[in-house]
Amino acid sequence: MTEPTTFQPEVLGRAVRGPVDHLDCFPAPAGCTRVRFTTDELTSLCPVTGQPDFSSLSIEYEPAAHCVESKSLKLYLWSFRDRAAFAEALAVEIATEVRRAADPRWVKVVVTQHVRGGIVTEATAELP
């Protein structure tokens with residue numbers, strides 16, 4: 001199977017060793033109806049205190065023509081490590097980037113911020 005000439009990954013197969021601000025994609029294989037990524041290693045900073053926030057993340061989408069490449073996802077998530085953002089904003093920003101990069105039929109992102117002050121925060125962003 002040959003890939004379309006528009007597929008030019010910036011991360012896959014390269015020695016990228018730092019955060020990136022975008023996602024790379026590859027052509028979706030026929031018959032792939034759902035993709036789900038999960039991690040317990042999403043970190044960001046509290047926009048009020050500057051303290052680190054630790055979150056779990058679930059990204060689920062139905063591919064159309066493209067799938068998100070996982071190495072670029074790992075490096076993209078790394079870019080949040082030193083950024084101040086509420087969990088709700090993280091969910092929306094990540095869903096928006098998946099939509100921009102892969103243009104799936106739909107995408108759902110759930111950010112579950114671990115306990116802070118006895119409260120767990122779960123924020124969901126769904127884009128058609």
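**Salt bridges, a pocket and a few chosen residues**

Reader: Let's start with Asp103: which residue does its side chain meet in a salt bridge?
Author: A salt bridge here is a side-chain nitrogen of Lys or Arg within 4 Å of a carboxyl oxygen of Asp or Glu. The side chain of Asp103 fits that description at 3.2 Å, N to O, and its partner is Arg99.

Reader: Before we go on, what is the mean pLDDT of the chain?
Author: Good thing to check: this is a predicted model, in which local features need pLDDT of at least 70 and side-chain atom pairs count only at pLDDT 80 or more, while totals for chains, interfaces and linings use all residues. Residues are numbered from 1 along each chain as its sequence is written, and side-chain values use heavy atoms, with hydrogens and water left out. pLDDT is the predictor's confidence in each residue, from 0 to 100. Of the chain's residues, 91% reach 70 or more, and the mean is 92.

Reader: Over which residues does pLDDT stay under 50?
Author: Where pLDDT is low, the predicted coordinates should not be read in detail. The stretch in question has two contacts beyond four places in sequence, a contact being heavy atoms within 4.5 Å. That stretch is residues 1-5.

Reader: Back to Asp103: what is its phi near?
Author: Asp103 sits in the loop between helix 2 and strand 5; helices (H or I, at least four residues) and strands (E, at least two) are DSSP runs, numbered from the N terminus. With 47% relative accessibility, Asp103 is partly exposed, where buried means under 20% relative accessible area, exposed over 50%, and partly exposed in between (1.4 Å probe, protein chains only). Its phi is positive although the residue is not glycine, with a value near 50°.

Reader: And Arg105, how far is its C-alpha atom from that of Glu60?
Author: Arg105 belongs to the loop between helix 2 and strand 5. Beyond its neighbours within four places in sequence, Arg105 contacts Glu62, Pro63, Ala64, Arg99 and Pro128. Glu60 is 45 residues away from Arg105 along the chain, and their C-alpha atoms are separated by 11 Å.

Reader: How many salt bridges does the structure hold?
Author: One of them joins Arg116 and Asp53, with the closest N and O atoms 2.9 Å apart. Arg116 lies in strand 5 (residues 106-116) and Asp53 in strand 3, so this pair ties together parts that are 63 residues apart in sequence. Arg116 is partly exposed at 33% relative accessible area, whereas Asp53 is buried at 2%. The total for the structure is six.

Reader: Which residue forms a salt bridge with Arg83?
Author: The N to O distance in this pair is 2.8 Å. Arg83 lies in the loop between helix 1 and helix 2 (87-102), and its partner, ten residues away, is in helix 2. Arg83 is partly exposed at 32%, and the partner, partly exposed at 30%, is Glu93.

Reader: Is Ser44 buried or exposed?
Author: Ser44 is part of strand 2. Its contacts beyond four places in sequence include Asp53 and Arg83, along with Phe80 and Leu90. Its relative accessibility is 2%, which means that Ser44 is buried.

Reader: How much space lies in the largest pocket?
Author: On a 1 Å grid over the protein atoms alone, a pocket is an open set of points where a 1.4 Å probe fits, with protein on both sides within 12 Å along at least five of seven lines, and lining residues have an atom within 4 Å of a point. Grid points are joined across faces, edges and corners, and a volume is the space filled by probe spheres set on the points. By that recipe, the largest pocket holds about 320 Å³.

Reader: Which lining residues are the closest to the centre of that pocket?
Author: Strand 2 (35-45), strand 3 (52-62) and helix 1 (70-78) each give at least two residues to the lining. The lining divides into eight nonpolar, four polar and three charged residues; Ala, Val, Leu, Ile, Met, Phe, Trp, Tyr, Cys and Pro count as nonpolar, Asp, Glu, Lys and Arg as charged, and the others, Gly among them, as polar. Of the 15 lining residues, the closest to the centre are Thr39, Glu41, Lys74, Leu77 and Trp78.
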